[in-house]
Amino acid sequence: MQNIRKFSAVAVAATATVALAAGCGGSGGGGGGGGGGAKAGQPVTLTWWHNGTSDPLLSVWKQAAADYHKANPNATINVVPVQNEQFTTKMPLALQSSTPPDIYFNQGGGRLSSQSESGRVADIGDETSDWIKDFGAVAEGWQVEGKQLGVPYSAHVVGFWYRKDLFAKAGITATPTTMDELNAAVTKLKAAGIVPIALGGKDRWPDAFYYDYFAVRECSVDTLKSAMKDAKMDDPCFTKAGQDVLDFIATKPFQEGFNGTPAQQGAGSSAGMVVNGKAAMELQGDWDPSVMAALTANKNFHSTLGWFPFPAISGAPGDPTAALGGGDGFSCTTKNADACVAFLKYLSGTEIQQKLVTSGAVTIPVNPDAQSAIQDPTIKQVFDFNSKASYVQVYFDIALPTAAGEALDDAAADLFAGKGGADAVAKAVNGAG
């Protein structure tokens with residue numbers, strides 16, 4: 001998959017008063033062209049499914065929809081927040097129905113490719129070509145066979161969020177840079193009576209982060225690219241990654257009952273454990289602080305948080321400066337695609353992108369003009385790491401076709417539940433095709 005790197009310095013102008021494009025034309029692709037829906041000047045209501053179920057993202061999107069309607073009275077945005085984990089099952093069903101949402105959240109990659117087979121995802125390449133180019137390589141994650149089937153609004157990278165105070169209590173004076181150092185930190189935290197790592201195993205995909213990252217460290221970049229393209233994990237490095245997972249689980253770094261713990265829902269979730277001082281760290285995406293904000297009464301929690309990349313593995317053939325990540329974005333269905341594109345252009349503008357950053361909802365904006373809004377030094381560290389990474393591998397379950405990605409998540413979760421051997425994840429992916 002694509003290498004999410006630095007974005008172009010060319011500005012993408014904010015257009016709060018974008019007129020709705022004419023409802024004819026548009027190139028075919030992804031099951032339908034960009035045209036369709038209301039003609040210019042005619043009232044149109046767009047149903048928008050997004051995953052901002054809590055603040056700050058919930059409020060940012062709600063206000064953006066209201067402001068857009070105020071500037072464009074003929075365009076009404078029906079905002080429908082949907083829990084992130086529900087999109088995997090809800091979107092395939094919606095795309096097979098007669099009333100799919102006009103705008104919907106997705107993370108691109110192989111999952112979007114699978115969705116496009118429904119014939120209801122619009123190719124919006126012609127309508128976005130004059131401004132999406134400024135986002136650089138990140139926009140390629142929403143391309144399928146050369147067709148632009150969506151627009152990203154943020155890029156992501158995965159690493160360890162940790163509590164500075166709990167590290168200090170355990171006598172840890174430096175963040176781990178190797179797996180040996182991470183294992184030593186786990187030992188010190190347990191000796192201090194602190195849960196080393198919180199894991200939201202109930203949702204499966206946090207388990208997959210560990211398998212993915214071990215594979216990124218064990219496999220060459222060329223091997224990763226080939227495996228994602230062909231949906232085949234035949235290289236022995238993928239079995240080695242499975243063994244790394246099993247060896248790490250054997251050190252017992254996680255809380256009791258981690259397989260039943262949700263990742264982001266409630267104060268008892270893995271994110272909630274970290275923000276409320278019940279665990280020292282969590283392997284999670286850059287978005288974790290925005291999730292934590294709704295899970296604690298401590299509004300100054302940001303000062304307690306630090307971040308470090310997934311450690312290197314001594315002697316492993318993978319690139320130690322490569323990262324695991326992805327992005328968030330939106331696609332249009334075919335009925336009102338032109339009106340959808342106008343709204344997505346508005347969301348991609350500098351004004352909204354800066355609001356996403358200053359609210360804490362987004363860490364890595366796609367609009368280069370919004371980068372100046374990053375003020376928090378820890379968030380700047382995350383942004384700089386992503387920008388300098390030699391390669392950013394998209395999460396396997398998103399990069400792979402839907403069936404293979406779900407098989408990977410299931411097999412990775414089985415490893416954490418004590419089921420399956422080192423080669424189980426690779427076999428599951430290979431058998432999903």
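**Exercise 1. Check the length of helix α9 against its expected span.**

Start with the residue count: α9 has 15 residues. Helices here are DSSP runs (H or I, at least four residues), numbered from the N terminus. The expected span is 1.5 Å times one less than the number of residues, so α9 should cover 21 Å. Now compare: the end C-alpha atoms of α9 are 21 Å apart, which agrees.

A quick note on the ground rules: this is a predicted model, where local features need pLDDT of at least 70 and side-chain atom pairs count only at pLDDT 80 or more, while totals for chains, interfaces and linings use all residues. Residues are numbered from 1 along each chain as its sequence is written, and side-chain values use heavy atoms, with hydrogens and water left out.

**Exercise 2. Work out which residues of α9 are buried, and how they sit around the axis.**

First, the cut-offs: buried is under 20% relative accessible area, exposed is over 50%, and partly exposed lies in between (1.4 Å probe, protein chains only). The buried set in α9 is Cys237, Phe238, Ala241, Gly242, Asp244, Val245, Phe248 and Ile249. These residues take up an arc of only 155° around the axis, so they lie on the same side of α9; the arc is taken from the directions from the helix axis to the C-beta atoms. The spacing makes sense, because an α-helix has 3.6 residues a turn and residues three or four places apart point the same way. Next, flip to the face turned away from the buried side: Pro236 and Ala250 are the exposed residues there. Finally, look for the cover: α6, α7, α8, α15, α16 and α17 are among the elements over the buried residues.

**Exercise 3. Find what happens at the two ends of α9.**

At the N-terminal end, Asp235 is the cap, with a side-chain oxygen 2.9 Å from the backbone nitrogen of Cys237. Just past the helix, Lys252 has a positive phi of about 55°.

**Exercise 4. List the disulfides and give the handedness of each.**

Apply the rule (cysteine sulfur atoms within 2.5 Å) and you get 2 disulfides. One joins Cys219 to Cys237, S to S 2.0 Å. Its partners are 18 residues apart: Cys219 is in the loop between α7 and α8, and Cys237 is in α9. With 105° about the S-S bond, the Cys219 and Cys237 link is right-handed. Cys219 is buried at 1%, and Cys237 is buried at 8%.

The other joins Cys332 to Cys340, again with S to S 2.0 Å. Its torsion is about -80°, so this disulfide is left-handed. Both Cys332 and Cys340 are buried. In sequence order, the pairing reads 1-2, 3-4.

Key. Contact means heavy atoms within 4.5 Å. A polar contact is a pair of N or O atoms within 3.5 Å; within protein, one must be able to donate a hydrogen and the other to accept it, and residues adjacent in sequence count only if both atoms are side-chain atoms.
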